[in-house]
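The report that follows describes one protein chain, beginning with its sheet and moving outward to helices, cores and loops. The sequence and structure are shown first.

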Amino acid sequence: MSHADRLRPRTARECLHAARPGEPALRYRVETTSLPWCAGLKTLLFPLLLVVASGSAFPADVRLPDFGSSADVLLTPDLERRYGEQMLREMRAANLIMDDPQVRDYVEALGYRLVAQSERPDRRFTFFVVRDESLNAFAMPGGYIGTHAGLVTVAEAESELAGVLSHEVAHVSQRHLARAFESASKAQLPIALAMLGAIVAAQAAGRSSGDLAQAAVVSGSALIQQQFINFTRSNEIEADRVGIQTLGRADFDVDAMANFFGRMHRINRGNGEQVPEFLRTHPVDTARIAEAKERAKMIRAEPSAGRSTADVDLPMPLTVPRPLIAAAPAGSGLPAGGVESIPPFQIFRERVRVLASGNMSETVQDYRRDLAAEPRGGGPWTRARNYGLGLALARAGRADEAVTILSGLHATVPGSIPVELALAEAESLAGRHAVAVERLTRLDSARPGERAITQALASVLLAQSRESDARVAAARLKPVIEKLDADASLIETYARASQLAGDDIRAGEAYAELTLLNGRPDDAMGQLRTLLARSD
């Protein structure tokens, strides 16, 4: 077994609790994502675990260098990827990942547009949206970058969201997590030893030893937290600098990062003590905003030095997906006009807003108020909000109203595939099954292999629970799944299709893979062993 395998945690929780070198850096980074299963992890006794682990954390044959950075020895890229992958699985098990194909396609396409212009265009990244209405974004080990739904819906332009993503990409490209790992391993052992000495002295003092020991632990924990804060602030400044350069190379508005920081700063001042999570994990002050503006000014004065995305060998198993906003190809028989009247970011933002909602009836009311407040005639945002209203109505059990809204929108923007997909979903929910199937079959023929279209068609086919439809759905899904990397929502739809079609082996295999993606590898192994025991 390799050293990396010995360090690899079975779950993200074990990653946070195991007494292993560098673990505090991971613990700190994951806690700052505000994940529900991390809420109770802070403990005053944690630094003492480092003392217990310090003599046996590394095998005797591993020697760390005494000079330069040992970050790559402590946390190798392979180990980073394993940690990040397991964290993502834990989040999916908690239903925190927005596994929607249109959302995923958009955020991946936007993210890789930035990666192509970053310091590490050769590195693999995974971009995803978290089903949480708080304002936050974060980078996890291994290039996993999450954006909370709340932050998406607060962004007023694509460049602002790109600014947040480029900042997180910079955290990864500059190896900030590995460097934090290294910094923690160097700084915390002396502090923990000093705490241990204070506790021993307190125990010898007699009656008040309990209070003195607790004071020693609290003060030591405060020192460790300060080490993290200092290190993180320096990371934040560097990520701003590198991120703004990436924005400029990718032809985004370089002022967007400072503009977004400024809005977050104003939100913070207006909320009193309710500090947005983004500001807790990414401290912003006027000096940082001013520096971002000055750097943007310098970049605007420089000639563009962006790379052609076509010239970058992106480390993806497939071509980076394109958002389903582009006009239909020539000769497809589909109308091509009107697409640009709803910009891709606006469609994405409203879809995320609806999918993150915990109360769809309230979301419908919010959309009604927003639309009533807009000037007559509207514009792109009006059309985008009508799209969101249609989605919300369909999910609130008011499918007939959704069909009316989305049919009118489709007549205005006939080339928008997301609008057609939403209309087909509403038609199916309203009992117009044949119309929905015909619409989606036509789209699937015009854009074969598109993840969102294929899944939408399969879902509508499965709605009638007919074996013949299930076989068609499974046949359409299989080639798309084979060329994609760990798409949980597609795999779940394929599993249901195979089961309804009577193909128990393929269904069992798909359910096992879905179980693995949901962070339960032991259960997945059991399911596969059960399949292997079959005579067929």
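## The sheet and its surroundings

Phe128 has Gly146 as its bridge partner in S3. This pairing is read from a predicted model, and it belongs to the contact between S1 and S3, two strands that run parallel and are joined by five bridges. On S2, Phe138 also stands opposite Gly146 in S3, while Ala139 stands opposite Ile145. S2 and S3 (residues 144-148) run antiparallel and are joined by four bridges. Strands of a sheet pair through backbone hydrogen bonds, either parallel or antiparallel.

Taken together, the three strands form an open sheet with mixed pairing, in the order S1-S3-S2. S1 (126-130) and S2 (137-140) stand at the edges with a single partner strand each, so one side of each is left without a neighbour in the sheet. Neighbouring strands of the sheet are turned against each other by 20° on average, direction ignored. Helix H6 (residues 77-93) packs on this sheet, where it touches S1, S2 and S3, and its direction makes about 135° with that of S2.

How well covered is S3? The strand is mostly covered, with five of its five residues buried. Tyr144, Gly146 and His148 point one way from S3, whereas Ile145 and Thr147 point the other way, and all are buried.

## Helix H15 and the nonpolar cores

Helix H15 (residues 344-355) has 12 residues, which at 1.5 Å a residue should span 16 Å; the C-alpha atoms at its ends are 17 Å apart, which agrees. H15 is mostly covered, since 10 of its 12 residues are buried. The buried residues include the charged-named positions Arg349, Glu350 and Arg351 as well as Phe345, Ile347, Phe348 and Val352.Phe348 is one of the residues with the most contacts inside the largest nonpolar core, together with Phe127 and Leu161, and this core has 44 residues. Its largest share, seven residues, comes from helix H7 (residues 101-115). Leaving aside neighbours within four places in sequence, Phe348 is in contact with Val103, Tyr106, Val107, Val129, Val152 and Leu161. A second, separate core of 31 residues includes Ala452, Ala456, Leu490 and Tyr494. In soluble globular proteins, nonpolar side chains tend to be buried together.

## Two buried helix residues

Asp240 and Leu457 can be set side by side through their helices, accessibilities and contacts.

| Residue | Helix | Relative accessible area | Contacts beyond four places in sequence |
|---|---|---|---|
| Asp240 | H11 (residues 209-249) | 6%, buried | His167, Met257, Phe261 and Arg288 |
| Leu457 | H21 (residues 451-462) | 2%, buried | Val437, Leu440, Thr441, Asp444 and Arg476 |

Asp240 counts as buried because its relative accessible area of 6% falls under the 20% cut-off. Leu457 is buried by that criterion too, at 2%. Among the contacts of Leu457 is Asp444, which lies 13 residues away in sequence and 7.7 Å away in space, C-alpha to C-alpha.

## Loop residues with positive phi

Where do residues with positive phi occur outside the helices and strands? Asn95, which is not a glycine, has a positive phi near 60°, and it lies in the loop between H6 and H7. Ser465, likewise a residue other than glycine, has a positive phi of about 55° and is placed in the loop between H21 and helix H22 (467-483). Ser465 counts as exposed because its relative accessibility is 52%, where the cut-off for exposure is over 50%. A glycine takes such a value in the hairpin of S2 and S3, which has three residues between the strands: Gly142 has a positive phi near 85°.

## The chain as a whole

The chain contains 25 helices and three strands. Of its 536 residues, 53% count as buried. Among contacts in the chain with a separation of 6 or more, 68% are accounted for by residues 24 or more positions apart. The chain exposes about 23700 Å², and carbon and sulfur atoms supply 52% of that area.

Definitions and conventions:
Residues numbered from 1 in each chain as written. Predicted model: local features only at pLDDT ≥ 70, side-chain atom pairs only at ≥ 80, totals over all residues. Heavy atoms only, no water. Buried < 20%, exposed > 50% of the residue type's maximum accessible area, 1.4 Å probe, protein only. Contact = heavy atoms within 4.5 Å. Pairing = 2+ DSSP bridges. Axes fitted to C-alpha atoms, helices over the stretch in contact; angles between N-to-C directions. Expected span 1.5 Å × (residues − 1). Core = buried A, V, L, I, M, F, W, Y, C linked by side-chain atoms within 4.5 Å. Areas by Shrake-Rupley, 256 points an atom, 1.4 Å probe, with all protein chains shown as cover.
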